[in-house]
Amino acid sequence: MRRSPSHEPERHLLVRARRRITAQVAGAISVMLALVGVMVYCVIAGDQDASARRDLAVAAQRALLSRPPPCVWLFELRGGTVTGSPGAPAALPVRAALHEAAAGREPRVGQVEIAGQSYLVRTQWRGGVVVQVAMDLRHQAAERHRLLRTLAAAEITGLMAALMIGQIVARGAIAPLGEALVRQRRFAADVSHELRTPLTRLHVRAQIVARGVRRGTDPLLVAAEVDRLVNGTRQLGDVVEDLLLSAQFGQLRRPFGPVDLAALAEELALAEADRAEAHGVTIEVRRLGPGGHVVRGAQSALRRVISALLDNALAHTAAGGHIRVVLFGGPETVRLDVRDDGVGFDPRDAERLFTRFVGGSHNGGPGLGLGLALVREVVDAHGGTVTADGRPGAGAVFTVRLPADPAGTARSPYHPQEAADSSGMARPPCLPKPAGRPVTPPGDLDGGLRPEGRGVPGLPGARSGPGPGP
C-alpha cells in the first residue's frame, strides 16, 4: 500500500527512534562483552605468568642440569665457567645476570627478548653454585594469541546478537508509540469523515431555517425544520459518543438492540432530501420481501452506514440522476441495496473501495477514502457483509447484508424523550399541518416507522409501492 506523504514524518520518527534504541542496546551489550573479555584475558594471562614463575622457582631449586623440565634450560656458573643443559639455545644464558648473582645479589627474575624469542629467566644461588633457569614463553604467547582470537570472535558474535536483541527490544519499545500514532491518525481521520456529513446536513437545515425566517415563512413550516435540526444534533451527539468509545476501546461497545433498517433508511433519505434536491438528484426508498426489515445492532452505527452510502451515492451522481434504496426482508437476512446511476467504477476496484486511504474512482475526490472503509468495519462488527458492484458510466450498487432479528420488532429511530433539552423539557408537539408545502409529522421527520410500501414524503421524485424484485 502506498504511504500517504503526511505519514512520512511519523514513519521517519519511528525509524530514527528504533535505530537509536537498537544502537544504544547493542552498544551497551557490546561494551559489557568487551569488559568481560578484557577481564578473562587479564585473569588467564596473570595465571599463566604466575604459573610460569612458580615452575621456574621450583626448577631453580630442584631441577637437574642434565634433565631439566620441558622448555626449560639450566645453567651453572662454577669458577668462571658456565655449563648449560643439553640443547640449550645458543643465545643463552644471560651472563650479566649470572655475574650479578655471583656478586651476592638477591635472586632476580625477569623476561628478556633474545634473538626474537621471549624467555623468563631466574638467576640465584643454589648450594654454593650460581644457577640460571630460562623458560621459553612461545607456548604461553601462542595460547594468549588463541585466547585473543577467541575473544575477538566472541565479541563479533556478541555484537551481532546484540544488534538482533537491540532490534527486538527497539520494536517492542516503539510498538506502543507506533500504535498510538496510528490510533491518533485513525481517530483524526474517522472524526473528520464521520462529522462531515452530519455537519453538512445541519448546515443545510440551518440555512433553510434562516431563509424561512427572513422570508416570513409560516411558523409551522419553520418549526418543522427546527425539529429536523434538533434531531440532527442528537444524531451528531451519537456519532461523537461512538467515536469516543471507539477510541477508548478499539471496537463498537454500544449495546445491540432491534433496529428497523427500513425506517432508518427512510429517515436518512428524508434528511438528505434538501441536499439531493440541491444536486438535482432524486432518492427513493422501497421495502420488499416477505419478512420484516429488523436487524440487531447499534442504531447510531447503522445510521452512519446508510448515511455514508447515501453520501457516497450523492457525491457520484450527476443532476437528473436517481438513487434507489431497496430493502429486502427475509427470515434470516435483511438486505439493503443502495443503487445509483452515477459515474460507476471499475469492477477490479471493488475491494479497494473498502480500504482506508486507498480507493477507486467511486470514493475519490477531496476525501480520504474512509467512508466505505468505515462502512465495512461497522458491518463486520454486526456480523454482516458489504459488497460493491458497478461499471464505469453505468452506476454502482452497494449491498449490505445483516442477520435478521429473530424477534422482528424494533423501536422507532426517533424518541421524543431523547430530544429533550438539558433542562429535561421535551420539545413542544407540532401543530396541525397547514395548507401549502407538505410538512411531515415529527415522527416521520425523525425516522418513525411507516407502513409497508410507503415512499419517503417530501423527496423529489419519490415513489411509493412495491418495486422490482431483487
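Here are three short exercises on salt bridges in this predicted model.

**Exercise 1**

Work out which parts of the chain the salt bridge between Glu266 and Arg287 ties together, and whether its two residues are buried or exposed.

*Solution.* Start with the contact itself: the two side chains meet at 3.2 Å, N to O. That passes the test, because a salt bridge needs the nitrogen within 4 Å of a carboxyl oxygen. Next, place the partners. Glu266 sits in helix α5 (residues 261-271) and Arg287 in strand β7 (residues 282-288), so the bridge links parts 21 residues apart in sequence. Now check accessibility, where buried means under 20%. Glu266 has 0% relative accessibility, so call it buried. Arg287 comes in at 8%, so it's buried too.

**Exercise 2**

Do the same for Arg296 and Asp405.

*Solution.* First, the distance: their side chains form a salt bridge at 3.8 Å, N to O. Then the location: Arg296 belongs to strand β8 (residues 294-297), while Asp405 is in the loop between β12 (396-403) and α9 (442-445), so this pair ties together parts 109 residues apart in sequence. Last, the surroundings: Arg296, at 43% relative accessibility, is partly exposed, whereas Asp405, at 8%, is buried.

**Exercise 3**

Describe the bridge between Asp349 and Arg352, then find which residues are joined into one network and how many salt bridges there are.

*Solution.* Asp349 and Arg352 pair up at 3.7 Å, N to O. Arg352 is partly exposed, with a relative accessible area of 40%. For the network, look at Glu76, Arg78 and Arg126, which are joined by salt bridges that share partners. Finally, the count is 17 salt bridges.

How values were computed:
Residues are numbered from 1 along each chain as its sequence is written. This is a predicted model: local features need pLDDT of at least 70, side-chain atom pairs count only at pLDDT 80 or more; totals for chains, interfaces and linings use all residues. Side-chain values use heavy atoms; hydrogens and water are left out. Helices (H or I, at least four residues) and strands (E, at least two) are DSSP runs, numbered from the N terminus. Buried means under 20% relative accessible area, exposed over 50%, partly exposed in between (1.4 Å probe, protein chains only).
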